[in-house]
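Visitor: I would like a close look at a single part of this model, the strand that opens the fold and what lies around it. Please take me through it slowly, and then point out whatever else deserves a careful reading.

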Amino acid sequence: MRKLQNILITGGAGFIGSNFIHYLFGQSSAEGNLFNDANFTGKIVNVDCLTYAGNLESLADIEAKFGSGVAEADRRYFFEKVDICDRPQIERIFKQYDIDTVIHFAAESHVDRSILGPEAFMKTNVMGTFTLLDVARNYWKKEDGSLRDDVLFHHISTDEVYGSLGETGYFREDTPYDPRSPYSSSKASSDHVVMAYFHTYGLPITLSNCTNNYGPYQFPEKLLPLMISNIRDGKNLPVYGKGDNIRDWIYVEDHNRAVWLIVNKGVTGEKYNIGGENEWQNIKLLHKVIELTAAQTGKKVEDVEKTITYVKDRPGHDKRYAIDCTKIKTQLGWERKMTFEEGLLETVKWYLKNSEWINNILNGSYKQWVEKNYANR
Ligand code: TDX
């Protein structure tokens with residue numbers, strides 16, 4: 001039986017990680033209580049070095065309700081500003097909180113940035129993952145040298161490790177890896193190191209590869225929050241190439257429910273694909289986002305449509321991603337709860353309502369980065 005009591009979450013101040021912490025504490029951002037089914041009773045230690053994409057504002061409510069805002073004896077949430085590559089600090093954290101589970105979200109995740117500067121991706125995604133695995137292997141060693149079996153290291157990964165699909169076909173768990181960007185190659189490398197720690201040392205691991213996530217708290221360099229905030233601000237809507245690339249979209253908390261299910265019931269040493277079964281050509285998705293955002297902001301669809309700007313394509317732009325998620329459905333009984341219609345509308349409304357959250361990012365250090373790197377848009 002896995003303990004699942006003292007959970008180390010890496011990258012908890014990022015998009016998927018902050019949603020995961022909300023989900024685990026029964027504080028889902030989805031309306032209608034759809035997702036408050038985690039039944040988690042333990043403690044969370046959030047390790048995040050707060051890069052440009054980490055944002056403690058996304059966790060202010062959690063800090064108040066479960067962290068420093070409550071009496072020490074009732075405290076269930078702890079934040080540690082630490083880089084996952086910093087081995088002595090990671091060793092200290094394992095010991096101090098007696099970590100029994102790692103759920104590893106921390107990663108450099110933006111493909112465009114990996115093309116402009118791959119080094120941070122190799123450091124964080126490859127060496128950071130290695131450091132965590134190696135500290136876990138040492139900390140979870142029993143006196144006889146074997147590893148405990150009530151512990152787990154779960155690694156979050158991406159469908160991009162499988163490469164790019166043509167018009168047909170789906171990525172399955174046994175699809176050979178074929179990463180094509182510095183980002184996806186760094187994630188593929190980390191997946192291999194995780195598997196190597198299972199096969200070589202018997203470290204109890206599980207791994208998941210998911211499609212494009214959408215929902216609250218996503219950094220506005222990614223397609224959906226970028227387009228929603230640009231529509232709001234009357235800015236151009238940059239579409240790469242012809243806009244005919246296809247992505248499969250999943251609501252972030254459907255992904256996180258899958259991760260929690262794997263952490264609870266997944267078979268040690270196994271990997272699981274998680275998908276939305278919801279493919280959209282970028283340009284078609286943009287039309288849909290324009291329709292919803294215009295309706296919410298009182299803008300005219302025709303006016304917003306005129307701001308669509310076709311820009312230079314991303315180098316090596318993968319054509320299509322699509323996941324076959326039969327394994328997690330049939331073996332673990334996972335199913336999605338959010339429909340795309342509802343989820344997309346809720347997401348549009350969330351970014352418009354939480355304008356302070358997004359404005360703080362858009363007016364912070366990210367502004368200079370955009371001016372430097374996206375000046376031609
Ligand atoms: O301005 C844009 N214009 C545009 O046409 C941006 C930011 C993106 N795009 C296109 C590129 C992609 O085809 O939209 C699609 C989605 O782009 P991103 O949001 O950058 O995501 P993607 O490259 O598909 O990768 C995402 O999903 C898999 C995440 O960023 C990864 O971390 C995850 O692993």
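**The strand β1 and its surroundings**

Guide: Strand β1 is covered on both of its faces, since N6, L8 and T10 on one side and I7 and I9 on the other are all buried, where buried means under 20% relative accessible area, exposed over 50% and partly exposed in between, with a 1.4 Å probe and protein chains only. The strand spans residues 6–10, and five of its five residues are buried; strands here are DSSP runs of E with at least two residues, helices are runs of H or I with at least four, and both are numbered from the N terminus. This is a predicted model, in which local features need pLDDT of at least 70 and side-chain atom pairs count only at pLDDT 80 or more, while totals for chains, interfaces and linings use all residues. Residues are numbered from 1 along each chain as its sequence is written, and side-chain values use heavy atoms, with hydrogens and water left out.

β1 pairs with strand β2 (residues 43–47) in the parallel sense over five bridges, two strands being counted as paired if DSSP finds at least two bridges between them. Within that pairing, T10 stands opposite V47. The chain passes from β1 through helix α1 (residues 15–24) to β2 in a right-handed β-α-β crossover, a term which means that, with the strands pointing away from the viewer, the path from the first strand over the helix to the second runs clockwise. β1 is also joined to strand β4 (residues 101–104), to which it runs parallel, by four bridges, and there I7 stands opposite T101.

In the segment before β1 lies L4, whose phi is near 50°, a positive value in a residue other than glycine; L4 is buried, at a relative accessible area of 9%.

An annotation also touches this part, for an unreviewed UniProt entry lists residues 7–25 as "transmembrane region"; such positions are given in the numbering used here, feature names are shortened, and annotations may be inferred rather than shown by experiment. In the model, that span is 53% helix and 21% strand, and its end C-alpha atoms lie 12 Å apart.

Elsewhere, strand β8 (residues 237–240) is likewise covered, with L237 and V239 pointing one way, P238 and Y240 the other, and all of them buried. Four bridges join β8 to the parallel strand β12 (residues 308–311), where T309 is the bridge partner of P238.

As for the cysteines, a search of the whole structure finds zero disulfides, a disulfide being a pair of cysteine sulfur atoms within 2.5 Å. C49 is in none, and its nearest cysteine sulfur, that of C85, is 8.2 Å away; C49 is partly exposed, with a relative accessible area of 30%. The sulfur of C210 is too far for a bond, because the closest cysteine sulfur, in C325, is 8.9 Å from it, and C210 is buried at 4% relative accessible area.

Finally, the structure holds one cavity of 30 Å³ or more. A cavity is a set of points, on a 1 Å grid over the protein atoms alone, where a 1.4 Å probe fits but cannot get out, and its lining residues have an atom within 4 Å of a point. The largest cavity has a volume of about 40 Å³, the volume being the space filled by probe spheres set on grid points that are joined across faces, edges and corners. Its lining includes V111, E160, R247 and H317.

Notes:
On a 1 Å grid over the protein atoms alone, a cavity is a set of points where a 1.4 Å probe fits but cannot get out, and a pocket is an open set with protein on both sides within 12 Å along at least five of seven lines; lining residues have an atom within 4 Å of a point.
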